[in-house]
Amino acid sequence: MGVFDKLERRLERAVKQPFAKVFKAEVQPVEIASAMRGAMDDRAAVLGPGRTMVPNVFTVELAESDFERLSSYSHALTDELVAAAEDHADAQRYVAPGPFEVRLVAGEELETGIFRVRPAAKDGRRGSGGRGGAREFAEAQQAQDARREEQAREQDARRAESERPRDEQTGADRGYEEAAYQRPRESSRPRRRSGPSLDIDGRQVPLTAAVTTLGRDEECTVVVDDPGASRKHAEIRISHDGPHQQVILRDLGSTNGTYLNGEQVGSEQLRTGDRITLGRTHITVQLEG
């Protein structure tokens, strides 16, 4: 018996006919559960032998029309979606930093029948990950992403080598050979930084102003091209207390929330290596020194 078959039967028992009307030709609960399962599998991070951690908080963005229609059934639906997530975690032997949660919210610019699932990790008293599980998960995610980026660089280098034109007499074009080998080395060489900066998809953005705003609005200091980000999503403030520098991340009332190392925050001091998440965009913080 599949997880989603059980989910459908439980939903029918929970609300019977009302759900049939609510979900007819619209968003289906099984579709949401399937997307949650995919998010768990995609973001699973191996922490050690026999210990794979997954996100435990899922924010489901619905179109305004779908959200209004489902609001009266949100408790029954989220309870069953949580049960489906727990079933999948048990089946795959996943652990989580805390209890599973599902939140339904109205998403910006979504058409009826379209939804998004945004996973995050949050510490809790009952989670298998225990105290600090969300940070442990975030660190494992960073290491996993770094490995993937390194593999991608190696594949690019191999591809460049295989496509390098050969000279019939010497066997190689030395000028092209130098270019092909120098680029991968430069991209993997640590860069010296003179101050705080953000790493966004491999692009370094220095934090030169006292206040840096992030969001989809073109007036923001850093424009984030992500439909899950609000127009003015968050800001980073830099202040000095004598010789000490403080870098503070603050959410600006965003629709989907601002996450730091997998946990939703309102205002939090940043440290080197912290991972900020706006929608589907991940930003790594690098501070001076």
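**A buried loop residue, an exposed one, and a ring pair**

With a relative accessibility of 5%, Asn261 counts as buried, because buried residues are those under 20% relative accessible area. This residue belongs to a predicted model, in which Asn261 sits in the loop between strand 13, residues 258–260, and strand 14, residues 263–265. Its backbone also deserves attention, since the phi angle of Asn261 is near 55°, a positive value in a residue other than glycine.

A positive phi appears again at Arg93, where the angle is near 60° and the residue is, once more, not a glycine. Arg93 is found in the loop between helix 5, which covers residues 74–92, and strand 4. Its surroundings can be described through its relative accessibility, which is 72%, so that Arg93 counts as exposed, the cut-off for that term being over 50%.

Strand 4, at residues 94–95, also helps to locate an aromatic contact, as the loop between this strand and strand 5, residues 101–106, holds Phe100. A search of the whole structure finds one aromatic pair. The ring centres of Phe58 and Phe100 lie 6.5 Å apart and their planes meet at 10°, so the pair is stacked, given that planes under 30 degrees apart count as stacked. The partner of Phe100, Phe58, lies in strand 3, residues 57–62, and with their positions 42 residues apart in the numbering the pair links distant parts of the chain. Both Phe58 and Phe100 are buried.

Definitions and conventions
Residues are numbered from 1 along each chain as its sequence is written. This is a predicted model: local features need pLDDT of at least 70, side-chain atom pairs count only at pLDDT 80 or more; totals for chains, interfaces and linings use all residues. Side-chain values use heavy atoms; hydrogens and water are left out. Rings of Phe, Tyr and Trp (its six-membered ring) pair if their centres lie within 6.5 Å; planes under 30 degrees apart count as stacked, over 60 as edge-to-face and the rest as tilted. Helices (H or I, at least four residues) and strands (E, at least two) are DSSP runs, numbered from the N terminus. Buried means under 20% relative accessible area, exposed over 50%, partly exposed in between (1.4 Å probe, protein chains only).
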